[in-house]
Protein chains: 2
Amino acid sequence: MTQIKENSTWNFNKELSMQACPVSFVMNKIGGHWKPIILYQLMSGPKRYSELRRAIPGITEKMLIQHLKQLQADDLVSRKAEAVVPPYVVYQFTTKGESLQPVLKAIAAWGYEQWNAEMI
Amino acid sequence: MTQIKENSTWNFNKELSMQACPVSFVMNKIGGHWKPIILYQLMSGPKRYSELRRAIPGITEKMLIQHLKQLQADDLVSRKAEAVVPPYVVYQFTTKGESLQPVLKAIAAWGYEQWNAEMI
DNA sequence: ATAACTGCTTACTTAAGGGTAAGTACTTGT
DNA sequence: ACAAGTACTTACCCTTAAGTAAGCAGTTAT
């Protein structure tokens, strides 16, 4: 995947923030460019890899798989594969991921509000 | 501040996501490395520039002022300056920023839960 | 006189994240 | 025979975000 330099100031600050600020801790798990979008897609139920790819315009396969892997590593999303040809792989929330849903919904709700407010 | 190339794929995708996904829209306003931490600090009340600097270990003045400006541009935080010497500048939530607080609290609450869960 | 405080600004460098484009293995449809 | 579908992997390059380090203007404290 992507190598991270262990001794960089950036990395040090990241660790510091994650330990000092709960909001920052969460952002590190669900923030970034693609993770919010992937999570949003999964909120409407389990999805196949190719379904996600088609549902998210502009995402590359590299980004999709990379973030799915990170979400798995953080135990927010699980992968279920059936050993058939063509392969059938489904991604869905874990129990921990499910517990995030109210938070994601609160975020989305605020987002919608702001959209509507900007329309007026 | 920082120049953004208009025609980059990254920028195009960013716009796309912000229009297609409410979660992504919100993340663009409150995500990143420093914004969550700054917002978290402001949740406990208005703060001076130097208070924020001291409260956030590791942040540079450049990052602090840059993100405060972005938060102002997004109308989440307001700046109040008194024309005295030494200068007295206070940052606090706007009305819009206040409306974000329940969301930030929900995020922080989930973060605390996960911390505790990891401790067991 | 000089250090320290206030709230910034600027130019330069580095590192992380993302994009491009190709390839893999195996099968069904035409 | 060849394209198209499945779910990935890999190598290389470019853009953005962040870090480093300095400076400014005006005042009080030592």
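This report walks through a predicted model of two protein chains and two DNA strands, starting with the contact between the chains.

**Where the chains meet**

Chain A and chain B each put 40 residues into their contact. Together they bury about 3,600 Å², and 77% of that area comes from carbon and sulfur atoms. On the chain A side, the residues that lose the most area to chain B are A:His33, A:Trp110 and A:Trp115, which together make up 20% of what that side buries.

What about polar links across this contact? There are 0 salt bridges between chain A and chain B, and 2 residue pairs are in polar contact, counted with both residues at pLDDT 80 or more. Four helices of chain A, namely α1, α2 (22-30), α3 (35-42) and α6 (95-119), each bring at least two residues to the side that touches chain B. Of these, α6(A) gives the largest share, with 14 residues. By residue type, that side of chain A holds 26 nonpolar, 10 polar and 4 charged residues.

**Around DNA strand D**

Let us turn to the DNA. There are 29 residues around DNA strand D, and those that come nearest are A:Asn13, A:Glu61, A:Ile65, A:Arg79 and B:Lys62. Which part of the strand faces the protein within 4 Å, sugar and phosphate or bases? Sugar or phosphate holds 72% of the atoms of DNA strand D within that distance, and bases hold the rest.

Both chains take part in the polar approaches to DNA strand D: the side chains of A:Arg48 and A:Ser50 are involved, and so is the backbone of B:His33. Elements that give two or more residues to this surface are α1 (9-20), α4 (49-55), α5 (61-73) and β3 (88-93) from chain A, along with α1 (9-20) and α5 (61-73) from chain B. The surface is made up of 12 nonpolar, 7 polar and 10 charged residues.

**Around DNA strand C**

DNA strand C also has 29 residues around it, with A:Lys62, B:Asn13, B:Glu61, B:Ile65 and B:Arg79 coming nearest. Of the atoms of DNA strand C that come within 4 Å of the protein, 72% belong to sugar and phosphate.

The table below gathers polar approaches to the two strands.

| Protein atom | DNA atom | Distance |
|---|---|---|
| A:Arg48, polar side-chain atom | DNA strand D, sugar or linking oxygen | 2.9 Å |
| A:Ser50, polar side-chain atom | DNA strand D, phosphate oxygen | 2.9 Å |
| B:His33, backbone N or O atom | DNA strand D, phosphate oxygen | 3.2 Å |
| B:Asn13, polar side-chain atom | DNA strand C, phosphate oxygen | 2.6 Å |
| B:Arg48, side-chain N or O atom | DNA strand C, sugar or linking oxygen | 2.9 Å |
| B:Arg79, side-chain N or O atom | DNA strand C, phosphate oxygen | 2.2 Å |

For DNA strand C, the elements that supply two or more residues are α1 and α5 of chain A, plus α1, α4 (49-55), α5 and β3 (88-93) of chain B. The residues of this surface divide into 12 nonpolar, 7 polar and 10 charged.

**The sheet of chain A**

Chain A also has an open sheet of 3 strands, ordered β1-β3-β2 with antiparallel pairing. Why do β1 (47-48) and β2 (77-82) of chain A each have a side without a neighbour in the sheet? Both stand at the edges with a single partner strand, so one side of each is left free of a neighbour there.

β2(A) pairs with β3(A) over 6 bridges in the antiparallel sense. In β3(A), A:Tyr91 is the bridge partner of A:Arg79. A:Arg79 is also one of the residues that come nearest to DNA strand D, and β3 of chain A gives two or more residues to the surface near that strand.

Terms used: Residues numbered from 1 in each chain as written. Chains lettered and ligands numbered in written order. Predicted model: local features only at pLDDT ≥ 70, side-chain atom pairs only at ≥ 80, totals over all residues. Heavy atoms only, no water. Near = heavy atom within 4 Å. Polar contact = N/O pair within 3.5 Å; in protein donor to acceptor, adjacent residues only side chain to side chain. Nonpolar A, V, L, I, M, F, W, Y, C, P; charged D, E, K, R; others polar. Contact = heavy atoms within 4.5 Å. Buried area = accessible area lost by both parts, 1.4 Å probe. Salt bridge = Lys/Arg side-chain N within 4 Å of Asp/Glu carboxyl O. Pairing = 2+ DSSP bridges.
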